[in-house]
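Me: I have a protein model open and would like to go through some of the labels people put on it. Could you walk me through the reasoning behind them?

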Amino acid sequence: MFPLHDNNPTRITPYLTYGLIGMNILVFFHQLSLSRPGLEQFLQQYAVVPQQLTANFAGEWPTLFTSQFLHGGWWHLISNMVFLWVFGNNIEDRLGHIKYLIFYLSCGALAALCQWFINMNSAIPSLGASGAISGVLGAYLIRFPQSQILSLVFLGFFVTTIRVPAILLIGLFFIQNVIAGFAALQTAANMTMETGGVAYWAHIGGFVFGIILAPLFGLFKQD
């Protein structure tokens with residue numbers, strides 16, 4: 001299932017969600033403009049390279065944030081931005097602009113640390129907004145579990161749309177990542193430009209931290 005739209009109205013214009021989407025797109029187009037050597041150097045500098053983070057955490061910690069704006073390909077970018085578009089506006093609406101930004105970046109950084117912990121000596125860059133967006137999904141799940149999500153469903157060559165509750169769509173996302181994450185422990189999968197692997201433990205970590213942090217940021221605060 002691939003989400004297209006939810007049935008939750010917002011009371012504010014989600015400027016930060018739009019801004020985050022725009023920033024990710026701009027950075028991706030910058031990546032496309034680079035030569036292969038230039039791109040590799042760019043990723044070494046701004047993506048999380050576990051080996052470098054382990055050796056020099058004090059100098060490399062900014063990559064926990066800069067890596068959130070890098071993507072390994074068109075589908076990586078598009079899928080992340082669609083999920084952020086569908087679910088981010090309601091979390092921004094509940095937390096407010098500034099708290100939402102801090103929450104988003106914090107989930108992304110903690111998610112990257114979870115993936116780093118799986119293989120601290122990997123030399124392969126880890127990148128993407130998936131960890132931060134997983135935090136948004138965790139917050140959405142506990143705040144709007146019964147919201148109906150209009151979703152694309154692929155059944156072989158047949159494609160249709162259905163409405164499913166958020167608890168089902170997001171719950172399946174989490175379960176899938178847990179299963180795949182444990183299966184991938186032997187290879188310590190990373191979301192990388194070279195391999196196209198998936199950072200399952202960043203997804204899991206971001207999701208769990210989203211559930212933990214969102215209430216602390218005021219997710220359930222009554223207006």
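Reply: Happy to. Buried means under 20% relative accessible area, exposed means over 50%, and partly exposed lies in between. Keep in mind that this is a predicted model. In helix H2, residues 36-46, the buried residues are Leu39, Phe42 and Leu43.

Me: What makes the buried residues of H2 line one face of the helix?

Reply: Looking down the axis of H2, the buried residues fall within an arc of 95 degrees, so they sit along one face. As a rule, an α-helix has 3.6 residues a turn, so residues three or four places apart point the same way.

Me: Which exposed residues are on the face of H2 turned away from its buried side?

Reply: Pro37 and Gln41 are the exposed residues carried there. As for the buried residues of H2, what covers them includes H1.

Me: Why is Ile25 called partly exposed?

Reply: Ile25 has 31% relative accessibility. Partly exposed runs between the 20% and 50% cut-offs, so 31% puts Ile25 in that class. Ile25 is located in helix H1.

Me: What makes up the nonpolar patch on the surface?

Reply: The patch is formed by Ile25, Phe29, Leu32, Trp74, Trp75 and Ile78, which together have about 640 Å² of accessible area. Helix H1 (15-33) and helix H6 (74-95) are the elements that each give two or more residues to this patch. A patch residue needs over 30% relative accessible area, and Ile25 has 31%.

Me: How do you know that Cys107 is not bonded to Cys114?

Reply: A disulfide needs two cysteine sulfur atoms within 2.5 Å. The sulfur of Cys107 is 10 Å from the closest cysteine sulfur, in Cys114, so the pair is too far apart for a bond. Cys114 is likewise in no disulfide. By this rule the count is zero disulfides.

Me: Are Cys107 and Cys114 buried or partly exposed?

Reply: Cys107 has 0% relative accessibility, which is under 20%, so Cys107 counts as buried. Cys114 has a relative accessible area of 24%, which lies between 20% and 50%, so Cys114 is partly exposed.

Me: And why is His97 called partly exposed?

Reply: The value for His97 is 31% relative accessibility, so His97 falls between the same two cut-offs. His97 belongs to helix H7, residues 97-118.

Me: What does His97 touch, not counting residues up to four places away in sequence?

Reply: His97 touches Ile12, Thr13, Tyr15, Leu16 and Glu92. Ile12 is 85 residues from His97 in sequence, and their C-alpha atoms are 9.4 Å apart in space.

How values were computed
Residues are numbered from 1 along each chain as its sequence is written. This is a predicted model: local features need pLDDT of at least 70, side-chain atom pairs count only at pLDDT 80 or more; totals for chains, interfaces and linings use all residues. Side-chain values use heavy atoms; hydrogens and water are left out. Patches are made of residues with over 30% relative accessible area and no salt bridge: like charges are joined within 9 Å, nonpolar side chains (Val, Leu, Ile, Met, Phe, Trp, Tyr) within 5 Å. Accessible areas come from the Shrake-Rupley method with a 1.4 Å probe; for residues, only the protein chains shown count as cover. A salt bridge is a side-chain nitrogen of Lys or Arg within 4 Å of a carboxyl oxygen of Asp or Glu. Helices (H or I, at least four residues) and strands (E, at least two) are DSSP runs, numbered from the N terminus. Buried means under 20% relative accessible area, exposed over 50%, partly exposed in between (1.4 Å probe, protein chains only). The arc is that of the directions from the helix axis to the C-beta atoms. Contact means heavy atoms within 4.5 Å.
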